[in-house]
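Student: I would like to go through this model with you and ask, for each label that is used, what justifies it.
Tutor: Then let us look at it together and set each value against its cut-off.

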2 protein chains.
Amino acid sequence: METRTVGDVARMAGITVRTLHHYDEIGLLRPSERRDNDYRAYTDADVSRLQQILTYRELDLGLDEIARLLNETSDPVDALRQARHRIDRQLKKLRRIAARLDRAIDAELKGTPMTAYEKLEVFGDFDPNEFVTEAEARWGGSELFAATAKRTSAYTSADWKRQQAETDEIYRALLGLMREGVSADSTAAAELVDAHRSSIDKWFYECTPEIHAGLGEMYVSDERFRQSINRSGDGLAEFLSAAIAVRYSSA
Amino acid sequence: METRTVGDVARMAGITVRTLHHYDEIGLLRPSERRDNDYRAYTDADVSRLQQILTYRELDLGLDEIARLLNETSDPVDALRQARHRIDRQLKKLRRIAARLDRAIDAELKGTPMTAYEKLEVFGDFDPNEFVTEAEARWGGSELFAATAKRTSAYTSADWKRQQAETDEIYRALLGLMREGVSADSTAAAELVDAHRSSIDKWFYECTPEIHAGLGEMYVSDERFRQSINRSGDGLAEFLSAAIAVRYSSA
DNA sequence: CTAAACCATGACGTAACGTGAGGGTCAAGA
DNA sequence: TCTTGACCCTCACGTTACGTCATGGTTTAG
């Protein structure tokens, strides 16, 4: 069984010996063996584990989180697939940033400035589209989940842009109501709730009043949704959630 | 002129107020204005600057480095293009990691394990292919640069794999000589120098003895090359460089 | 007026190493 | 055998980029 010293491994991976010391120290990656002279001796299995650590590290996961993920499964293929999935998500994020930069360049050249929100929102970690699938899994069951995945898989970048624009418009209208002091139980708010539900229906899945009511709750009970929605404007998530609750409590 | 508070900006960007305080504190992003109540007031230009900061931050550049990059140009389009270029490099890296993971999954399923080096080298920051263009710009002039770019732009992923395999084989043979204690001024080493030059000739550009000699020097004088080559084996860069020097000093 | 949310500055703590000290081991060459 | 340079070990302080909390002023809505 061939093993490698800490320097060999560090060199191959483009990391420092100190890093490997650190990982040993915190129990993240302990060399399986030690040589007679007390030198660390890394086996192939150790190297595989390091591959996964470095993949997650590339994605800015903390070492605690990495340890947790690595302990979730003992099947090497599962572990690799999980890491692969994470890389895909980061690729998606970077592509979105790249596209936003392209738009910014275009805007500069044309003298049509982007809004502050357009410039910045892409840097958040929360992709509402991704969590729509979670919402539907929670409220719609697995058949609905599959149907949505099938429907959205064919969407182009332009489709997503349209979907986002539609949502933004509803959100802007809701914010308008809030600014004017219109109440969440008003007719105007109810109309926007209906528009919101129609939009989900159109872009994702058949959104029954029951599902929509559940979503409304989740928009304030799940911090990720709440924060994401509130990035379009303070208190939007709460207002929308309240409007949804009112809409279906009288139905 | 509309400005935004620190909380507004933080929310839009998915970062914390503390982060913006920190950036103000270190001079990386100072709000252009303050309100009468001393609240920070961020202008559109401030937001644009933040966009760039966050882009580079996404790529793990240190804040010092980010400040330096932002001060390199005052032209907004140049700045955006530069950031865009960096994003592309990171996209490339992630794609390489993804491909390596796919290979690892495949290898696991087929029971044909990857080498430790294959698992780990992709995590380094140095892409030798990218720096080949630097080498040629340094030693070959701009016509050669353009010709190479043209030639390599048509290469497929499989081409690059073949190129890499060819280089690996030459490196392995050189390491074999080193292990056997064969000297850098031996006939065997000279043959491998020739093979190395031919390979560059075949894959990149016409590699004259003069250029090759220059490359040999650079392999030890430029730390990036030296480290990259030495990841295939200790002392390889020095050995190859010495062999190249010998090869052309007697010609 | 009250309360909650937001703002300010100040300051200690944290995560993930980087850097250096001091000393042992290995391998090649003289 | 001795010397030297590269590599290894453990230990420990320092650095970077914030996170968290304290204290107190400001804004907004009820």
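Tutor: We begin with a cut-off: a residue is near a strand if one of its heavy atoms lies within 4 Å of that strand. Please keep in mind throughout that this is a predicted model.

Student: With that cut-off, what share of the atoms of DNA strand C within 4 Å of the protein belongs to sugar or phosphate?
Tutor: Sugar or phosphate holds 72% of those atoms of DNA strand C, and the rest belong to bases. The strand is surrounded by 19 residues, and the closest are Thr16(A), Tyr23(A), Leu63(A), Thr5(B) and Gly7(B).

Student: Which helices supply at least two residues each of the surface near DNA strand C, and which gives the most?
Tutor: They are α2 of chain A together with α1 (6-13) and α2 of chain B, and α2(A) gives the most, with 4 residues. By residue class, the surface near DNA strand C divides into 5 nonpolar, 8 polar and 6 charged.

Student: What makes the approach of Gly7(B) to a phosphate oxygen of DNA strand C a polar contact?
Tutor: The cut-off is a pair of N or O atoms within 3.5 Å, and a polar backbone atom of Gly7(B) is 2.8 Å from a phosphate oxygen of DNA strand C, so the pair satisfies the definition. Polar side-chain atoms also approach phosphate oxygens of this strand, with Asn37(A) at 3.3 Å and Arg34(B) at 3.3 Å.

Student: How many residues surround DNA strand D, and which are the closest?
Tutor: DNA strand D is surrounded by 21 residues, the closest being Thr5(A), Gly7(A), Thr16(B), Tyr23(B) and Leu63(B). Sugar and phosphate make up 73% of the atoms of DNA strand D that come within 4 Å of the protein.

Student: Which atoms of DNA strand D do Tyr39(A), Arg40(A) and Leu63(B) approach?
Tutor: For Tyr39(A), an N or O atom of the side chain is 3.2 Å from a sugar or linking oxygen of the strand. Arg40(A) places a backbone N or O atom 2.9 Å from a phosphate oxygen, and Leu63(B) places a backbone N or O atom 2.6 Å from a phosphate oxygen. Among the helices, α2(B) gives the most to the surface near DNA strand D, with 4 residues.

Student: Turning to the two protein chains, why is the size of an interface given as an area?
Tutor: The size of an interface is often given as the accessible area lost when the parts come together. Here chain A and chain B bury about 4500 Å² between them, with 67% of it on carbon and sulfur atoms. Met12(A), Glu58(A) and Leu120(A) supply 15% of the area that chain A buries against chain B, more than any other three residues. In terms of contacts, 47 residues of chain A touch 48 residues of chain B.

Student: How do you know that Glu58(A) and Lys93(B) form a salt bridge?
Tutor: The definition asks for a side-chain nitrogen of Lys or Arg within 4 Å of a carboxyl oxygen of Asp or Glu, and the closest N and O atoms of Glu58(A) and Lys93(B) are 3.3 Å apart, so the pair qualifies as a salt bridge. Across the interface of chain A and chain B, the rule finds 4 salt bridges. The largest share of the side of chain A that touches chain B, 21 residues, comes from α5(A).

Student: Why is Ser48(A) called buried?
Tutor: Buried means under 20% relative accessible area, and Ser48(A) has 18%, so Ser48(A) counts as buried. This residue lies in helix α3 of chain A, and the side chain of Ser48(A) makes a polar contact with the side chain of Lys119(B), at 2.6 Å.

Student: Is Leu69(B) buried or exposed, and why?
Tutor: Leu69(B) has a relative accessible area of 4%, and is therefore buried. Leu69(B) belongs to helix α4 (residues 63-70) of chain B. Beyond its neighbours within four places in sequence, Leu69(B) is in contact with Tyr56(B), Leu61(B), Gln82(B) and Arg86(B).

Student: What makes Glu191(B) exposed?
Tutor: Exposed means over 50%, and Glu191(B), at 53% relative accessibility, therefore counts as exposed. Glu191(B) is in helix α9 (residues 187-203) of chain B. Glu191(B) and Arg247(B) are 56 residues apart in sequence, and their C-alpha atoms are 9.1 Å apart in space.

Conventions:
Residues are numbered from 1 along each chain as its sequence is written. Chains are lettered from A and ligands numbered from 1 in the order in which they are written. This is a predicted model: local features need pLDDT of at least 70, side-chain atom pairs count only at pLDDT 80 or more; totals for chains, interfaces and linings use all residues. Side-chain values use heavy atoms; hydrogens and water are left out. A polar contact is a pair of N or O atoms within 3.5 Å; within protein, one must be able to donate a hydrogen and the other to accept it, and residues adjacent in sequence count only if both atoms are side-chain atoms. Ala, Val, Leu, Ile, Met, Phe, Trp, Tyr, Cys and Pro count as nonpolar, Asp, Glu, Lys and Arg as charged, and the others, Gly among them, as polar. Contact means heavy atoms within 4.5 Å. Buried area is the accessible area (1.4 Å probe) that two parts lose on being put together, summed over both. Buried means under 20% relative accessible area, exposed over 50%, partly exposed in between (1.4 Å probe, protein chains only).
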